Amino acid sequence: MIMRKELISDATLVSSYIEGDEFSLEILIKRHKQRVYSFIYSKVYDRDIAEDVFQDTFIKVIRTLKRGKYNEEGKFLPWVMRIAHNLVIDHFRKNNRMPKFDNTGEFSIFSVLSDTSLNAEKALIKDQVETDVRRLIEELPDDQKEVLMMRMYQDMSFKEISERTGVSINTALGRMRYALINMRKVIEKHNIILTN
Amino acid sequence: MAKIYSENSKKIKKLNPKDETISFILDYSKALSVINYQKM
């Protein structure tokens, strides 16, 4: 029986569930509960909160499936993980805090932004990190923001930045340095999460 | 930071939700089916 259950694909189970077979949902949940719950716990570090988020995740899954709104055939787990991820973010937003990032040693957010080898789960977090970083950049003074954008997003050299902005290379370097210092200050002040 | 990502991922413990949580979710689904059936 266990062997048979494992042979049934997620997509088939989802279809069966939508057609009214409640047992298919049980198989799906039992198949993926560890991945989903461990993922949630790795973000919230609290068993009770993880239970709540896990429960809310599957309530959302159930409601979406029963409304016939699910259209990601064959991608059930990534879809569930995305829901869980969003609910974790909601949890932290509701509590007006984000998990702390232990900002020690060498740290470069941009090394992550250019990492293309991340798996689907990490890619979701990467999206959130990118959004947070963009938000931080928007808070910078214009001259620092300009240099940082040119350097990090347009991959320009400091010589090119100097020519484009009409300031010396040293000034451009100084603005970049202050931009990073200011971003780090904001991150520390607001305990903003920039990692999982 | 890429290093931090991968290190943290390795540290993720394999945990399971409580049986009560699973039961609640399954009961919720069944209850929703009954409600939907009654609406028909």
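Chain A of this predicted model comes out at an average pLDDT (the predictor's confidence in each residue, from 0 to 100) of 80, and 77% of its residues score at least 70. Confidence peaks in helix α3 (residues 22–44) of chain A, with a mean of 94, and bottoms out in helix α6 (residues 109–113) of chain A, at 47. Helices here are DSSP runs of H or I with at least four residues, numbered from the N terminus. Around the weak spot, residues 99–108 of chain A stay under 50 in pLDDT, and the model gives them ten contacts beyond four places in sequence; a contact means two C-beta atoms, placed from the backbone, within 7 Å. Residues 111–117 of chain A are also below 50, with nine contacts beyond near neighbours in sequence.

As this is a predicted model, local features need pLDDT of at least 70 and side-chain atom pairs count only at pLDDT 80 or more, while totals for chains, interfaces and linings use all residues. Residue numbers start from 1 along each chain as its sequence is written, with chains lettered from A and ligands numbered from 1 in the order in which they are written.

On to the helix packing. Helix α4 (residues 47–66) of chain A packs on helix α5 (residues 76–94) of chain A at about 130°, the axes being 9 Å apart. Axes are lines fitted to C-alpha atoms over the stretch in contact, and angles between N-to-C directions run from 0 to 180 degrees. The pair α4(A) and α5(A) is therefore oblique, the class left over once angles under 35 degrees (roughly parallel), over 145 (roughly antiparallel) and 65 to 115 (roughly perpendicular) are taken out. From α4(A), A:Ile49, A:Val53, A:Asp56, A:Thr57, A:Lys60 and A:Val61 meet A:Val80, A:Ile83, A:Ala84, A:Leu87, A:Val88 and A:His91 of α5(A). That contact splits into eight nonpolar, two polar and two charged residues (Ala, Val, Leu, Ile, Met, Phe, Trp, Tyr, Cys and Pro are nonpolar; Asp, Glu, Lys and Arg charged; the others, Gly among them, polar).

Helices α8 (residues 142–153) and α9 (residues 158–165) of chain A cross at roughly 135°, their axes coming within 10 Å, so α8(A) is oblique to α9(A). Here A:Glu146, A:Val147, A:Met150 and A:Arg151 of α8(A) meet A:Ile161, A:Arg164 and A:Thr165 of α9(A), a set of three nonpolar, one polar and three charged residues.

Back in helix α3 of chain A sits A:Arg31. A:Arg31 counts as partly exposed because it has 17 C-beta neighbours inside 10 Å (20 or more would be buried, 12 or fewer exposed). A:Arg31 and A:Asp10 lie 9.2 Å apart, C-alpha to C-alpha, across 21 residues of sequence.

Terms used. Helix = DSSP H or I, 4+ residues; strand = E, 2+ residues; numbered from the N terminus.
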